[in-house]
Amino acid sequence: MVHVPKLSRRARWAVPAGVLVIVGGVLAGSLISVAQAAPGLPARTPAQLLVQVADSVTPPLTGTVVETASFGLPRLPGTQNPTSLASLLTGSHTVRVWYASAQHFRLAVPEPLSESDLFRDGSTAWLWRSTTNSVTEFSLPAREKTPATPPVPALTPQQAAQQVLAAVGKTTVVSVDSNVQVAGQAAYELVLAPRDSRSLIGQVQIAIDGQNGVPLRLQVFARGASSPAFQVGYTSIQFVTPAPGDVSFTPPPGAKVTKVNMASVHRAGPSTDTANTSAFGSGWLTVLDLPSAGLTAPSGGASAPGNGGSGDSAAVLKALLGSATHVSGAWGSGRLLQTSLVSVLITDSGRMFIGAVQPSVLYAAASHAASGSPTQAP
């Protein structure tokens with residue numbers, strides 16, 4: 001085991017930022033296959049693997065990504081709807097990926113009897129939903145990332161690895177485990193473990209392709225757990241250039257097309273909720289401070305349950321809040337929701353603090369917020 005300094009800002013990740021923001025992974029009902037012993041690979045130190053991931057350039061590829069979450073939440077309503085809040089919190093999702101380059105790719109999210117697709121072709125991106133035969137056409141400014149409007153919240157192994165590796169530093173123990181095989185590819189297994197016991201994360205395992213340094217799978221384990229609470233990875237992958245027809249798009253006949261100019265969206269500035277969001281701490285002990293107004297169930301006009309609208313969201317939030325415990329301290333009073341990997345504190349003053357940390361860290365962040373102290377580590 002070694003200590004590794006933080007990666008430099010020059011680090012470039014395996015899949016372009018646009019794909020990283022949009023792509024979601026899958027595990028549609030079944031977990032990623034248990035990794036089997038892989039053929040021998042040249043020995044690598046943790047530092048060498050970190051550099052390999054940072055400097056890797058993604059070749060063209062096609063594949064299937066699977067993501068699943070099992071946070072130990074109470075039973076939630078509406079999990080049968082793949083686009084509902086409950087499904088996103090406790091279910092699994094599948095994304096087909098066709099990647100030719102950072103400017104040309106397609107992501108498809110299959111759903112029962114339907115599909116949602118995201119295409120990018122240079123300065124234009126399209127989001128198509130088959131259920132409504134609707135298309136959103138995005139005009140992207142130069143060097144613009146693909147718009148963050150995915151059919152489901154999404155992570156590729158590359159994006160997940162990027163977020164986790166940002167925490168690498170003196171607070172992290174880094175090691176290399178036995179080689180594994182993921183989606184038919186021989187891979188190294190990089191293991192990151194927080195030193196601070198206040199983090200609910202026990203360790204993060206990242207399987208890195210032995211040939212090109214692309215993260216193939218990421219698993220997050222709660223402290224003391226033998227199975228991952230969250231995982232995202234390829235279940236199949238081929239490093240081949242996708243056919244032109246797989247990454248091109250023309251709105252189908254009769255489709256309703258809505259156009260969005262991303263340059264205008266940026267000039268409008270952040271939303272009120274975004275402007276009111278802040279963070280306390282850093283790395284493994286980061287705590288987000290969010291407005292909690294959205295946790296109040298809407299009165300009247302709620303969508304009917306089962307359609308993935310506000311009615312479903314209100315029912316899910318009610319179930320979550322029903323399992324929360326009343327707590328109080330110098331910071332005030334509120335409700336605490338704990339899972340194996342995440343703690344959420346909802347204060348009576350209208351704030352929500354969330355992090356993969358022990359409740360004591362949330363209480364410290366709430367105290368700082370209540371006192372008007374500048375953002376700092378709890």
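**Entry 1: a glutamine to start from**

I began at Gln 185, which is found in strand β9; strands here are DSSP runs of E with at least two residues, and helices are runs of H or I with at least four, numbered from the N terminus. I am working on a predicted model, where local features need pLDDT of at least 70, side-chain atom pairs count only at pLDDT 80 or more, and totals for chains, interfaces and linings use all residues. Residues are numbered from 1 along each chain as its sequence is written, and side-chain values use heavy atoms, with hydrogens and water left out.

Is Gln 185 buried or exposed? I found it buried, at 18% relative accessibility (buried is under 20% relative accessible area, exposed over 50%, partly exposed in between, with a 1.4 Å probe and protein chains only). I then listed the contacts of Gln 185, meaning heavy atoms within 4.5 Å. Leaving aside neighbours within four places in sequence, Gln 185 is in contact with Val 180, Asp 209, Leu 216, Ile 237 and Phe 239.

**Entry 2: the whole chain**

I stepped back and counted eight helices and 19 strands. Of the 378 residues in the chain, 47% are buried. The chain exposes about 17,600 Å², and carbon and sulfur atoms supply 54% of that (Shrake-Rupley method, 1.4 Å probe). I also looked at contacts between residues at least 6 apart in sequence: 61% of them join residues at least 24 apart.

**Entry 3: salt bridges**

My rule was a side-chain nitrogen of Lys or Arg within 4 Å of a carboxyl oxygen of Asp or Glu. By this rule I get five salt bridges.

Back in β9, I found Glu 189 paired with Arg 217 at 3.4 Å, N to O. This pair links distant parts of the chain, 28 residues apart: Glu 189 sits in β9 (residues 185-194) and Arg 217 in β11 (residues 215-222). Both partners, Glu 189 and Arg 217, are buried.

Next I checked Arg 198 and Asp 196, whose closest N and O atoms are 2.8 Å apart. Arg 198 is partly exposed at 30% relative accessibility, and Asp 196 is partly exposed at 26%.

Which residues are linked in a network of salt bridges? I noted Arg 106, Glu 115 and Asp 117. Within that network, Glu 115 meets Arg 106 at 3.4 Å, N to O. Arg 106 is buried, with a relative accessible area of 14%, while Glu 115 is partly exposed at 25%.

**Entry 4: nonpolar cores**

I took a core as a set of buried Ala, Val, Leu, Ile, Met, Phe, Trp, Tyr and Cys residues joined through side-chain atoms within 4.5 Å. The largest has 48 residues, and Leu 165, Leu 190, Leu 192, Val 204, Ile 206 and Leu 218 touch the most other members. Strand β10 (residues 201-209) gives the largest share of this core, five residues. I looked closer at Val 204: beyond four places in sequence, its contacts include Val 164, Leu 190, Leu 192, Leu 218 and Trp 284. A second, separate core of 13 residues includes Phe 353, Val 361, Leu 362 and Ala 366.

**Entry 5: helix α8**

That took me to α8. Its buried residues are Pro 359, Val 361, Leu 362, Ala 365, Ala 366 and His 368. Their cover includes β14 (278-280), β15 (287-291), β17 (332-338), β18 (343-347) and β19 (351-355). I also checked the length of α8 (residues 359-371): at 1.5 Å a residue, its 13 residues should span 18 Å, and the end C-alpha atoms are 18 Å apart, which agrees (the expected span is 1.5 Å times one less than the number of residues). Just after α8, Gly 372 takes a positive phi of about 75°.
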